[in-house]
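Colleague: I'd like to learn how to read a new model. Could you walk me through this one?

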Amino acid sequence: MLRDDRAVVEADGHSILLLRVGGELHALANACPHEGNPLVEGEVLGDVLECAYHGWRFDLATGSCLLGTRPARRYEAELRGEEIRIRLDD
Ligand code: FES
C-alpha cells in the first residue's frame, strides 16, 4: 500500500514508483533516465517530480522531461478500492 503517499513496487522485472499527489495516482519507472538513480528519493513540487541526484524534473502526468534531456517512463495505473492496477505492456 501507499505509505507517505509513495511506494515502490516490483512487478515482472519492473521497479515502479507509485505516487499519490492531490488525489491522483502516478506510476513512473523508479530509475531516473539520467543515471538510473531511484526517483523515489525525489521531491514532489506540485505536479512535478525533481530527481534528488542532479535535479532533472519530470511532469508526473506524462513523464515528460521538464529539466534534463530524457523523459521518465510512465505507466498507466489506477486505484480500484484497495487494489492498484498497473499496465506493464508497451
Ligand atoms: S540521476 Fe536523476 S538527475 Fe541524475
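Modeller: Let's start with the ground rules and then go from the whole chain to one hairpin. This is a predicted model, where local features need pLDDT of at least 70, side-chain atom pairs count only at pLDDT 80 or more, and totals for chains, interfaces and linings use all residues. Residues are numbered from 1 along each chain as its sequence is written.

Colleague: How many helices and strands are there in the protein chain?

Modeller: Helices (H or I, at least four residues) and strands (E, at least two) are DSSP runs, numbered from the N terminus. Here the protein chain has zero helices and nine strands. Its radius of gyration, taken over C-alpha atoms, is 12 Å, close to the 12 Å from the globule rule (2.2 Å times the number of residues to the power 0.38) for 90 residues, so the chain is as compact as a globular protein of that length.

Colleague: What share of the residues is buried?

Modeller: A residue is buried if 20 or more other C-beta atoms lie within 10 Å of its own, exposed if 12 or fewer, and partly exposed in between, with C-beta atoms placed from the backbone. In this protein chain, 19% of the 90 residues are buried.

Colleague: And why does strand β9 lie largely in the open?

Modeller: Strand β9 covers residues 83-87, and zero of its five residues are buried, so it lies largely in the open.

Colleague: Which strand do five bridges join to β9?

Modeller: Two strands pair if DSSP finds at least two bridges between them. Strand β8 (residues 74-80) runs antiparallel to β9, with five bridges joining them. One bridge links Leu79 to Ile84 in β9. Two residues sit between the strands of this hairpin, and Gly81 has a positive phi near 65 degrees.
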